[in-house]
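Let's take a friendly walk through a protein model, starting with one helix and working outwards. Have a look at the sequence and the structure first.

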Amino acid sequence: MRRSIFLTLLFLSLSASSQPPMSSEAGTQSLPLSLTGVAGDPAKGRAIVVERQKGLCLLCHSGPFPEERFQGDLAPSLAGTGSRMSEGEIRLRMVDSTKVNEKTIMPPYYKTEGLERVAANYKAKTLLSAQEIEDVIAFLVTLKDDTQK
Ligand code: HEC
């Protein structure tokens, strides 16, 4: 009897310690729900991707943007994103790429947590707004052909 209690406790402690911290978050590779509930506008999304002030995507990425002379080579081409990834997977990448790859150099474009101590002016300022994120996603899902440069 004692022995089985001991074994039960041992089993419980072993299984507890084998749980990774934040196990509910680990394995979340997708954010299927829209941030706004309003469909994104692919044309606006494209404009955000190529412009150099806010999105800065082309600092690192290239893609099917023949009019853009300077494109990055620090990251995979955005061509074909829509055939490689689901909308939810793209959304998670955009919101906070560190959830997919802890060491990524890609900035978190819509990270709101961990900003409690910033000055009031900067509170809840994200790199892109929720609707801008949805616009970018709406554009990226249209990129089906990864042979385009
Ligand atoms: C500072 C560099 C940098 C910037 C700026 C950047 N990214 Fe990335 N991105 C990366 C890297 C590097 C990867 C490769 C995966 C990784 O590191 O986790 C990546 C991966 C991705 C992926 C997944 C691609 C795939 O096929 O796996 C998407 C989609 C993406 N980025 C979109 C964007 C968009 C849209 C923007 C602009 C709003 C952007 N990125 C800005 C560096 C960047």
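Begin with helix α6: 9 of its 11 residues are buried, so α6 is largely enclosed by the rest of the structure. A residue counts as buried if 20 or more other C-beta atoms lie within 10 Å of its own, as exposed if 12 or fewer do, and as partly exposed in between, with C-beta atoms placed from the backbone. The buried residues of α6 are E132, I133, E134, D135, V136, I137, A138, F139 and L140. Their cover includes α2, α4 (81-84) and α5 (87-95).

Before going further, a word on the source. This is a predicted model, in which local features need pLDDT of at least 70 and side-chain atom pairs count only at pLDDT 80 or more, while totals for chains, interfaces and linings use all residues. Residues are numbered from 1 along each chain as its sequence is written.

The pLDDT is the predictor's confidence in each residue, from 0 to 100. The protein chain averages 83, and 72% of the residues score at least 70. Over residues 10-26, however, the pLDDT is below 50, and this stretch has 1 contact in the model beyond near neighbours in sequence. Two residues are in contact if their C-beta atoms, placed from the backbone, lie within 7 Å.

The protein chain has 6 helices and 0 strands. Both kinds of element are DSSP runs numbered from the N terminus: helices are H or I, at least four residues, and strands are E, at least two.

Now see how α6 meets one of its neighbours. Helix α2 (residues 42-50) and α6 (residues 130-140) pack at about 100°, with their axes 7 Å apart. Axes are lines fitted to C-alpha atoms, for helices over the stretch in contact, and angles run from 0 to 180 degrees between N-to-C directions. The two helices α2 and α6 are therefore roughly perpendicular to each other, a label for angles of 65 to 115 degrees. In α2, the residues P42, K44, G45, R46, I48 and V49 meet E132, D135, V136, I137, A138 and F139 of α6.

The ligand has a shell of residues too, and C57, C60, A75, N101 and T104 come nearest of the 24 around the ligand. Here, near means a C-beta atom, placed from the backbone, within 6 Å.

| Place | Residues by class |
|---|---|
| Contact of α2 with α6 | 7 nonpolar, 1 polar, 4 charged residues |
| Shell around the ligand | 16 nonpolar, 6 polar, 2 charged residues |

In this table, Ala, Val, Leu, Ile, Met, Phe, Trp, Tyr, Cys and Pro count as nonpolar, Asp, Glu, Lys and Arg as charged, and the others, Gly among them, as polar.

Conventions
Angles under 35 degrees count as roughly parallel, over 145 as roughly antiparallel, 65 to 115 as roughly perpendicular and the rest as oblique.
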